[in-house]
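Biologist: I would like to take a close look at one part of this model, and I am hoping for a careful explanation that a first-year student could follow.

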Amino acid sequence: AEAARRVDADPGAEETRRWAWRAKLLAGDTAAQVATSMLEAAGTSATRRGHALERIYRDARCGALQPPTSDVCADWLGVAALDGDPDRDTAVPRW
């Protein structure tokens with residue numbers, strides 16, 4: 001909610017970008033963990049093509065792959081936390 005509020009209030013601010021990266025990282029990781037737990041509880045039959053949990057699991061796992069990927073968000077946040085510039089001081093340049 002805070003990330004969305006900041007995007008509405010000041011979309012270009014550096015702190016807004018950090019909030020958005022945190023939100024994407026947290027949402028993607030949480031979705032993957034919850035989907036994995038549901039699949040484990042349901043058993044292997046839930047992995048069949050067409051099963052609702054199969055789709056939920058696949059979609060949740062793919063969230064981390066949508067740009068910027070979770071590892072890139074974590075990299076940028078780490079650089080920013082160390083007072084670096086995510087535009088200049090990372091292995092993966094921002095686009």
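With which residue does Arg-88 form a salt bridge, and how far apart are the closest N and O atoms?

Modeller: Please keep in mind from the start that this is a predicted model, in which the chain averages a pLDDT of 91 and 96% of the residues score at least 70. The partner you ask about is Asp-85, and the closest N and O atoms of Arg-88 and Asp-85 are 3.6 Å apart. This pair counts as a salt bridge because a side-chain nitrogen of Arg lies within 4 Å of a carboxyl oxygen of Asp. Arg-88 also takes part in a second contact of this kind, since its side chain meets that of Asp-89 in a salt bridge with an N to O distance of 3.1 Å.

It is useful to ask next how open these three residues are to the surroundings. Arg-88 has a relative accessibility of 61%, so it counts as exposed, the cut-off for that word being over 50%. Asp-85, in turn, has a relative accessible area of 26% and is therefore partly exposed, and Asp-89, at 37% relative accessibility, is likewise counted as partly exposed.

To place this part in its wider setting, a search of the whole structure finds 10 salt bridges. Among them is the one in which the side chains of Glu-15 and Arg-18 meet, at 3.1 Å from N to O. These two residues both belong to helix 2 (residues 14–42), and because they are 3 residues apart there, about one helical turn separates them. Glu-15 itself has a relative accessible area of 30%, which means that it is partly exposed. Elsewhere, Glu-2, Arg-5 and Arg-6 are linked by salt bridges into a network.

A nonpolar part of the surface can be set beside these charged pairs. Val-34, Met-38 and Ile-56 form a nonpolar patch there, and together they have about 210 Å² of accessible area. Of these residues, Ile-56 lies in helix 3 (residues 52–63), and its relative accessibility of 33% is why it counts as partly exposed.

A last word concerns confidence, which in the chain is highest in helix 1 (residues 2–9), at 97, and lowest in helix 4 (residues 70–81), where the mean is 91.

Conventions. Residues numbered from 1 in each chain as written. Predicted model: local features only at pLDDT ≥ 70, side-chain atom pairs only at ≥ 80, totals over all residues. Heavy atoms only, no water. Patch = residues over 30% accessible without salt bridge, like charges linked within 9 Å, V, L, I, M, F, W, Y side chains within 5 Å. Areas by Shrake-Rupley, 256 points an atom, 1.4 Å probe, with all protein chains shown as cover. Helix = DSSP H or I, 4+ residues; strand = E, 2+ residues; numbered from the N terminus. Buried < 20%, exposed > 50% of the residue type's maximum accessible area, 1.4 Å probe, protein only. pLDDT = per-residue confidence, 0-100.
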